[in-house]
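Hi everyone, thanks for making time. Let me put the structure up, and then we can walk through how its parts fit together.

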Number of protein chains: 2
Amino acid sequence: MTHNDAPGSKIPMVVIKRLPVYQRYLSELQKKEVERISSGELAAKIGITASQLRHDLSCFGNFGQQGYGYKVDDLLFEVNKILGLDHNIYMVLIGAGNLGRAVLSYPNFLSRGFIFKAAFDQKQPPVNLNIEGILVQPVRELESYLKEQLIDIGVITTPAANAQEIADILVAGGVRGIWNFAPISLKTPENVVVEHVHISESLLVLSYQLCHKGFGRLPVSY
Amino acid sequence: MTHNDAPGSKIPMVVIKRLPVYQRYLSELQKKEVERISSGELAAKIGITASQLRHDLSCFGNFGQQGYGYKVDDLLFEVNKILGLDHNIYMVLIGAGNLGRAVLSYPNFLSRGFIFKAAFDQKQPPVNLNIEGILVQPVRELESYLKEQLIDIGVITTPAANAQEIADILVAGGVRGIWNFAPISLKTPENVVVEHVHISESLLVLSYQLCHKGFGRLPVSY
């Protein structure tokens with residue numbers, strides 16, 4: 001893979017996908033009140049090389065100093081800004097079944113500025129049903145809700161059969177980001193960003209590693 | 001990133017993580033009864049270059065023919081074999097709350113050979129409680145269960161506070177793969193493979209894309 005690493009040029013998706021990993025480790029270091037970390041130490045935690053790490057970060061600007069490493073607070077601040085975590089992001093969730101409830105209850109969304117404003121379900125929810133303090137409304141209210149509220153991200157945790165219809169309502173309502181847990185590819189306009197969560201992908205990676213571990217046949221390198 | 005791409009050498013994790021994506025697209029093509037696909041077409045679907053795709057696959061052997069492309073059935077068969085999907089993989093799940101129930105109900109596990117044998121929960125489950133046909137047992141039975149059954153993968157969907165204790169019981173019971181949904185890093189021996197599912201990572205990737213879309217500042221390249 002080749003790319004130009006000057007800030008402002010195209011950033012490879014593989015680099016962007018590592019940003020949340022940096023964010024997680026830096027948050028952990030900050031919690032432990034670690035002040036400074038070398039690129040070698042941080043890279044080792046993440047399972048990449050120090051030069052990969054420096055290269056990744058150089059896509060976004062100049063951080064750290066030769067021979068000094070990174071100030072944890074400063075680098076986390078920058079990574080958060082790059083990820084858009086320096087401001088609140090408003091979300092609605094559609095599909096309040098087991099998966100939807102699990103997502104609503106997932107810890108640490110709020111601390112990163114992700115705020116669930118409302119949840120919707122196909123079934124008529126009991127009056128005033130709250131999950132984690134979020135009111136569950138009937139899905140027929142979604143369209144009018146979106147006319148009144150500015151929502152950044154719609155989270156789809158419905159069965160596959162309902163997901164496209166919900167995506168269409170979200171897009172018509174001005175939502176520009178969809179976090180899709182339904183096992184179906186959504187058709188959306190170009191100006192809408194869809195992140196599809198394929199939960200089973202990491203299970204296949206686990207299966208691969210179990211299958212090839214101990215045989216010395218296809219060891220993994222990071 | 002540099003690596004030696006001769007079969008039998010170390011395979012970069014980034015390549016392994018793309019295998020489930022190949023698997024998914026090839027399965028879709030097979031369902032649509034597509035017989036053959038060029039590396040260019042398949043790569044475009046996945047969002048990488050044709051040379052990356054050929055390079056990825058060359059890590060595992062020689063598939064496809066110059067100017068002819070890949071036979072979908074054959075390549076899927078090979079990818080399934082590489083991923084260890086050519087035989088059944090037996091799993092138990094611990095933590096039958098919303099997330100656990102969502103994972104147990106997740107479609108397409110069975111068709112890929114992943115078989116849930118049992119589920120366990122901290123709370124005393126009602127007698128004969130079944131989720132998707134899987135009996136939920138009290139977690140104190142886990143240790144003795146593992147003495148009697150050969151289990152490949154333990155799926156942890158408990159709160160973070162219980163996850164390490166459960167991991168210890170799984171490891172002591174001979175389980176060599178852990179699929180961890182709890183937001184905590186597990187300590188396990190070297191011969192145990194742990195895949196940690198960080199659900200929020202893709203939300204951060206979505207946030208990044210929303211934040212930089214339309215500004216033309218940090219466009220994504222694949």
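A turn of 180° with a shift of 0.0 Å along the axis lays chain A on chain B at an RMSD of 0.0 Å, using a least-squares fit on C-alpha atoms of residues with pLDDT of at least 70 in both copies. That is the relation of a two-fold axis. Of chain A's residues, Asn98(A) comes closest to this rotation axis, at 2.3 Å (C-alpha).

A word on ground rules: this is a predicted model, where local features need pLDDT of at least 70 and side-chain atom pairs pLDDT 80 or more, while totals for chains, interfaces and linings use all residues. Residues are numbered from 1 along each chain as its sequence is written, with chains lettered from A and ligands numbered from 1 in the order in which they are written.

Now, how do the copies meet? 100% of the interface residues of chain A are also interface residues in chain B, so the copies meet through the same surface. In total, 60 residues of chain A are in contact with 61 residues of chain B, contact being C-beta atoms, placed from the backbone, within 7 Å. On chain A's side, the largest share, 12 residues, comes from H8(A); helices here are DSSP runs (H or I, at least four residues), numbered from the N terminus.

Staying with H8(A), its buried residues include Leu203(A), Leu206(A) and Tyr208(A), where buried requires 20 or more other C-beta atoms, placed from the backbone, within 10 Å of a residue's own. Its 13 residues should span 18 Å at 1.5 Å a residue, and the end C-alpha atoms are 19 Å apart, which agrees; the expected span is 1.5 Å times one less than the number of residues.

Note on methods:
Two residues are in contact if their C-beta atoms, placed from the backbone, lie within 7 Å. Helices (H or I, at least four residues) and strands (E, at least two) are DSSP runs, numbered from the N terminus. A residue is buried if 20 or more other C-beta atoms lie within 10 Å of its own, exposed if 12 or fewer, and partly exposed in between; C-beta atoms are placed from the backbone.
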